[in-house]
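This report introduces a protein chain to a reader who has not met it before. The sequence and structure are shown first, and the description follows.

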Amino acid sequence: MEIKTNFSLKNYNSFGIEAIAKQFIAIQTISELTSILQSNPTSKKFILGGGSNMLLTQDIDALVIHIALKGKKIISEDEDFVWVESQAGENWHEFVIWTIDQGFGGLENMSLIPGNVGTTPVQNIGAYGTEIKDTMVSCETIAIKDQTIKTFTNADCHFGYRESVFKNEFKFQYIITSVVFKLTKKNHKINTSYGDILAELSKNNTTDPSLKEVSDAVIAIRSSKLPDPKELGNSGSFFKNPILSKKEFDPIHLKFPEMKYYEISDSEVKVPAGWLIEQAGFKGKRFGDAGIHKNQALVLVNYGEATGQEILAVSKDIQKTVFEKFGIRIEAEVNVI
């Protein structure tokens with residue numbers, strides 16, 4: 001276990017931003033994690049997972065602890081369900097594919113989302129009608145301050161749209177070390193309610209899709225819209241889809257009747273941020289090496305040597321222009337560091 005100094009984080013964030021960590025260490029076991037926390041009680045600490053949901057705008061003047069805990073296993077099962085535990089450092093997409101290969105249902109709609117398992121509850125990640133909260137039973141954590149072990153149940157996490165206690169009241173207080181999911185073994189709840197999935201499945205005349213066929217459809221859709229971070233630096237969707245009360249939305253919709261939206265309750269509407277950004281004229285635009293992807297306006301990209309500050313400036317320009325045009329505020333989904 002070696003602490004490295006002045007360590008480049010370029011290969012540890014999906015934007016491919018060059019930033020330097022004052023100190024860096026990769027953690028392989030819980031005992032290593034406990035030891036490093038105990039032996040550096042006064043050091044500023046920065047917890048790094050897969051690096052897929054952050055924008056580095058500066059060097060990190062702290063001890064960067066990279067959570068590289070590996071392993072996954074079945075911890076319980078009955079005739080209908082299986083409880084699977086994954087360590088935090090497992091790649092999310094690889095874990096999803098593993099569950100599908102085992103015949104376990106529940107995560108297939110979240111195929112190809114970048115990042116590691118340990119950060120999925122923080123963001124309550126989701127795609128195509130499913131979210132982590134739908135299948136997560138609990139996550140085990142270690143307190144940064146005193147190294148106590150605490151298990152958070154699904155209810156304890158206070159999940160919301162891309163929200164949890166780990167982004168709010170317990171931010172920077174706990175490190176997630178493993179996550180438990182309850183998945184189906186049979187009678188899978190196949191969710192193809194999103195039009196994109198249905199359209200993709202119809203290409204192969206698939207009317208009763210398997211878990212793998214749903215996953216393959218999601219992978220095809222995401223691959224067509226989202227660039228591979230290994231080829232073009234990005235963090236997936238940069239912005240959240242804004243949620244408005246119908247009272248707020250109705251006069252805006254009256255002014256812009258072509259605006260896309262989804263009713264999420266009797267009183268609330270979700271507006272696709274990608275549509276707003278595209279209508280504001282940003283899709284495919286480039287500002288030096290920072291830009292907006294040509295196929296998906298929600299995705300900000302690094303064409304090579306963009307700095308985090310340059311990408312942040314583009315994001316703020318987008319937010320300002322969308323608000324001026326539509327009167328709707330869009331928030332960053334990505335954590336700006």
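In what follows, two residues are said to touch when heavy atoms of theirs lie within 4.5 Å. The model described here is a predicted one.

## The annotated site

An unreviewed UniProt entry places the feature "active site" at Arg-162, Ser-237 and Glu-333. These residues span 172 residues in sequence, yet no two of their C-alpha atoms are more than 11.4 Å apart, so they gather at one spot.

Glu-333 lies in the loop that runs between helix 8 (308–326) and strand 20 (335–336). Leaving aside residues up to four places away in sequence, Glu-333 touches Asn-53, Gln-123, Arg-162, Lys-167, Ser-237, Phe-238, Phe-239 and Lys-240. Its relative accessible area is 11%, so Glu-333 counts as buried.

Ser-237 belongs to strand 13, which covers residues 233–237. With 27% relative accessibility, Ser-237 is classed as partly exposed. Beyond residues up to four places away in sequence, the contacts of Ser-237 are Leu-298, Val-299, Glu-333 and Val-334.

## Salt bridges

Side chains of opposite charge can pair when their charged atoms come close. The structure holds 20 salt bridges. Some of them are listed below.

| Pair | Closest N to O distance |
|---|---|
| Lys-72 and Glu-90 | 3.8 Å |
| Arg-162 and Glu-333 | 3.7 Å |
| Glu-324 and Lys-320 | 2.9 Å |

The side chains of Arg-162 and Glu-333 meet in a salt bridge. Arg-162 lies in the loop between strand 11 (149–153) and strand 12 (174–184), and Glu-333 in the loop between helix 8 and strand 20, so this pair ties together parts that are 171 residues apart in sequence. Arg-162 is buried, at a relative accessible area of 10%, and Glu-333 is buried at 11%. Both residues also take part in a network of salt bridges that links Glu-131, Lys-133, Asp-134, Arg-162 and Glu-333.

Lys-72 forms a salt bridge with Glu-90. This pair links distant parts of the chain, 18 residues apart: Lys-72 is in strand 6 (residues 72–77), while Glu-90 is in the loop between strand 7 (81–87) and helix 2 (92–101). Lys-72 has a relative accessible area of 32% and is therefore partly exposed, whereas Glu-90, with 10%, is buried.

The pair formed by Glu-324 and Lys-320 is placed within helix 8, where the two residues are four apart and thus separated by about one helical turn. Glu-324 is exposed, its relative accessible area being 55%.

## Nonpolar cores

Which residues touch the most other members of the largest nonpolar core? They are Met-259 and Ile-318, in a core of 45 residues. At least two residues of this core come from each of strand 2 (20–27), strand 3 (45–48), strand 4 (54–55), strand 5 (60–67), helix 6 (246–255), helix 7 (273–279), strand 18 (290–292) and helix 8. Helix 8 provides the largest share, six residues.

Ile-318 touches Phe-239, Ile-277, Phe-282, Ile-292, Leu-300 and Ile-330, when residues up to four places away in sequence are not counted. A second, separate core has 33 residues, including Trp-92, Met-110, Val-179 and Val-214.

## A surface patch and a buried proline

On the surface, Ile-243, Tyr-262 and Ile-264 make a nonpolar patch of about 270 Å². Ile-243 is found in strand 14 (residues 243–245). Its relative accessible area of 33% makes Ile-243 partly exposed.

Pro-227 lies in the loop between helix 5 (211–225) and strand 13. Is Pro-227 buried or exposed? Its relative accessible area is 13%, so Pro-227 is buried. Not counting residues up to four places away in sequence, Pro-227 touches Leu-232, Asn-234, His-293, Val-299 and Val-301. The C-alpha atoms of Pro-227 and Asn-295 are separated by 8.7 Å, although these residues are 68 apart along the chain.

Methods
Residues are numbered from 1 along each chain as its sequence is written. This is a predicted model: local features need pLDDT of at least 70, side-chain atom pairs count only at pLDDT 80 or more; totals for chains, interfaces and linings use all residues. Side-chain values use heavy atoms; hydrogens and water are left out. UniProt positions are given in the numbering used here, feature names are shortened, and annotations may be inferred rather than shown by experiment. Buried means under 20% relative accessible area, exposed over 50%, partly exposed in between (1.4 Å probe, protein chains only). Patches are made of residues with over 30% relative accessible area and no salt bridge: like charges are joined within 9 Å, nonpolar side chains (Val, Leu, Ile, Met, Phe, Trp, Tyr) within 5 Å. Accessible areas come from the Shrake-Rupley method with a 1.4 Å probe; for residues, only the protein chains shown count as cover. A salt bridge is a side-chain nitrogen of Lys or Arg within 4 Å of a carboxyl oxygen of Asp or Glu. A nonpolar core is a set of buried Ala, Val, Leu, Ile, Met, Phe, Trp, Tyr and Cys residues joined through side-chain atoms within 4.5 Å.
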